[in-house]
Amino acid sequence: MPPFNCRSAPTRWHILGAGSMGTLWAARLARAGLPVTLIVRNAARLHAYKAAHGLTLVEGEQSHLLPVTAQLPETDEPIERLLLTCKAYDAEHAIAQIAHRLQPGADVVLLQNGLGSQQAVAARVPQVRCIFASSTEGAFRESDWRVVFAGAGHTWLGDTRQGEAPHWLEDLQRSHIAHEWSPTILSRLWRKLALNCAINPLTVLYNCRNGGLQAHRAEVDTLCDELAALLKRCDQAEAADNLDAEVHRVIQATANNYSSMHQDVAQGRRTEIGYLLGYACEAARQRQFAVPHLHALHHRLIDHLKQRGLPCN
Ligand code: NAP
């Protein structure tokens with residue numbers, strides 16, 4: 001007869017990338033009583049985290065201090081479930097640091113924007129199951145270890161190898177993380193990439209809010225046409241459907257906002273251009289598909305970033 005209490009302990013969530021999204025997820029999972037450990041960059045960051053006594057999650061007027069545990073990448077603890085929340089350009093290097101800790105069959109959720117980093121990470125850790133995610137939630141760090149949940153949204157997760165939905169989506173439910181299992185996650189990521197390519201670079205070049213692009217409608221339309229044709233060429237016809245209409249809807253609905261790329265450039269931070277416009281141009285090049293306007297936009301953006309001393313990849 002099995003012992004009375006035979007339920008196994010819940011699997012620990014390790015979170016690599018203790019920035020805005022990583023700490024937003026960590027705080028909500030911990031608040032739901034689930035075991036969570038943050039993996040921070042180095043000993044100095046671990047020291048700073050310990051001095052703060054945990055993470056603070058700010059939602060509207062409320063704030064909660066959550067004593068989530070933290071450790072270093074080189075800690076010798078096996079990982080069965082990982083959420084990777086570094087920027088796209090840091091993802092491959094970060095996963096390489098903890099690859100030896102990932103157990104065969106572990107689940108790794110990749111929350112990067114754009115495309116390209118997910119494939120690079122998956123190739124680095126063939127022993128695990130990589131789940132791609134796309135989120136419309138918004139968060140920023142108000143100060144060290146204090147994260148503001150700035151925009152309610154939704155997260156889609158999916159397996160490009162068409163596997164079943166994992167049982168641990170229950171953890172997200174319990175943590176009130178709005179989510180959905182998506183059998184077409186790649187199509188969602190392509191669609192988001194295309195929206196991003198049609199809007200964000202122009203907001204940087206014209207130094208305007210999203211709504212400022214209403215004055216550049218013809219240029220936006222030309223980019224939409226080229227992006228839609230590229231998506232079809234990349235076998236992503238669904239992601240191309242009515243792209244221009246959605247781009248204009250987003251421009252209108254977010255007219256007062258600065259795009260994430262605009263914010264990055266304004267604050268002197270590296271952008272994720274290589275995984276957005278760069279990825280689109282490279283996909284076109286590999287297929288010998290002409291995208292002259294996307295190329296021109298890419299070059300204008302690279303020049304703009306170089307002039308400000310920012311990386312252009
Ligand atoms: P972020 O605030 O910059 O956080 C990234 C974190 O990764 C930083 O804390 C950084 O550490 C850490 N990191 C980088 N390399 C590392 C390494 N080798 N070892 C350990 N930690 C490492 O970025 P984010 O805003 O959360 O964005 C993460 C991803 O989510 C991006 O692809 C972004 O586009 C996407 N996203 C963000 C939002 C949002 O609202 N923020 C919404 C949707 C999607 P340091 O702090 O030490 O530099």
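A polar contact is a pair of N or O atoms within 3.5 Å. The exercises below apply this cut-off and others to a predicted model.

**Exercise 1. Polar contacts of the ligand**

Determine which atoms of Glu272, Ser20 and Arg141 lie within the polar-contact cut-off of the ligand.

Solution.
1. Begin with Glu272: one of its polar side-chain atoms is 2.6 Å from a ligand oxygen atom.
2. Turn to Ser20, where a backbone N or O atom is placed 2.9 Å from an oxygen atom of the ligand.
3. For Arg141, an N or O atom of the side chain is found 3.1 Å from a ligand oxygen atom.
4. Consider the cover as well: of the 900 Å² of accessible area that the ligand has on its own, the protein covers 84%.

**Exercise 2. Composition of the ligand shell**

Describe the shell around the ligand by residue, by class and by secondary-structure element.

Solution.
1. The ligand is surrounded by 25 residues, and the closest are Ser20, Met21, Gln97, Ala139 and Glu272.
2. Sorting the shell by class gives 10 polar, 8 nonpolar and 7 charged residues.
3. At least two shell residues come from each of helix H1 (20-31), helix H3 (88-98) and strand E9 (138-143).
4. H3 provides the largest share, with 5 residues.

**Exercise 3. Topology of the sheet that contains E9**

Establish the strand order of the open sheet and the sense of each pairing.

Solution.
1. The sheet has 4 strands in the order E4-E3-E10-E9, and its pairing is mixed.
2. Its edge strands, each paired on one side only, are E4 (62-66) and E9.
3. From one strand to the next, the twist averages 25°.
4. E3 (residues 55-59) pairs with E4 in the antiparallel sense over 5 bridges; Thr56 stands opposite Leu65 in E4.
5. The pairing of E3 with E10 (residues 146-151) is parallel and has 3 bridges, and Val147 in E10 is the bridge partner of Leu57.
6. E9 and E10 are antiparallel over 5 bridges, with Gly138 opposite Gly151 in E10.
7. E9 and E10 form a hairpin with 2 residues between them, and Trp145 in the turn has a positive phi of about 65°.

**Exercise 4. The annotated domain**

State what the UniProt record assigns to residues 185-300, and give the secondary structure of this span.

Solution.
1. The unreviewed UniProt entry places the feature "domain: Ketopantoate reductase C-terminal" at these residues.
2. In the model, the span 185-300 is 68% helix and 0% strand.
3. The C-alpha atoms at the ends of the span lie 30 Å apart.

Conventions: Residues are numbered from 1 along each chain as its sequence is written. This is a predicted model: local features need pLDDT of at least 70, side-chain atom pairs count only at pLDDT 80 or more; totals for chains, interfaces and linings use all residues. Side-chain values use heavy atoms; hydrogens and water are left out. A residue is near a molecule or strand if one of its heavy atoms lies within 4 Å of it. A polar contact is a pair of N or O atoms within 3.5 Å; within protein, one must be able to donate a hydrogen and the other to accept it, and residues adjacent in sequence count only if both atoms are side-chain atoms. Accessible areas come from the Shrake-Rupley method with a 1.4 Å probe; for residues, only the protein chains shown count as cover. Ala, Val, Leu, Ile, Met, Phe, Trp, Tyr, Cys and Pro count as nonpolar, Asp, Glu, Lys and Arg as charged, and the others, Gly among them, as polar. UniProt positions are given in the numbering used here, feature names are shortened, and annotations may be inferred rather than shown by experiment. Two strands pair if DSSP finds at least two bridges between them. Axes are lines fitted to C-alpha atoms, for helices over the stretch in contact, and angles run from 0 to 180 degrees between N-to-C directions.
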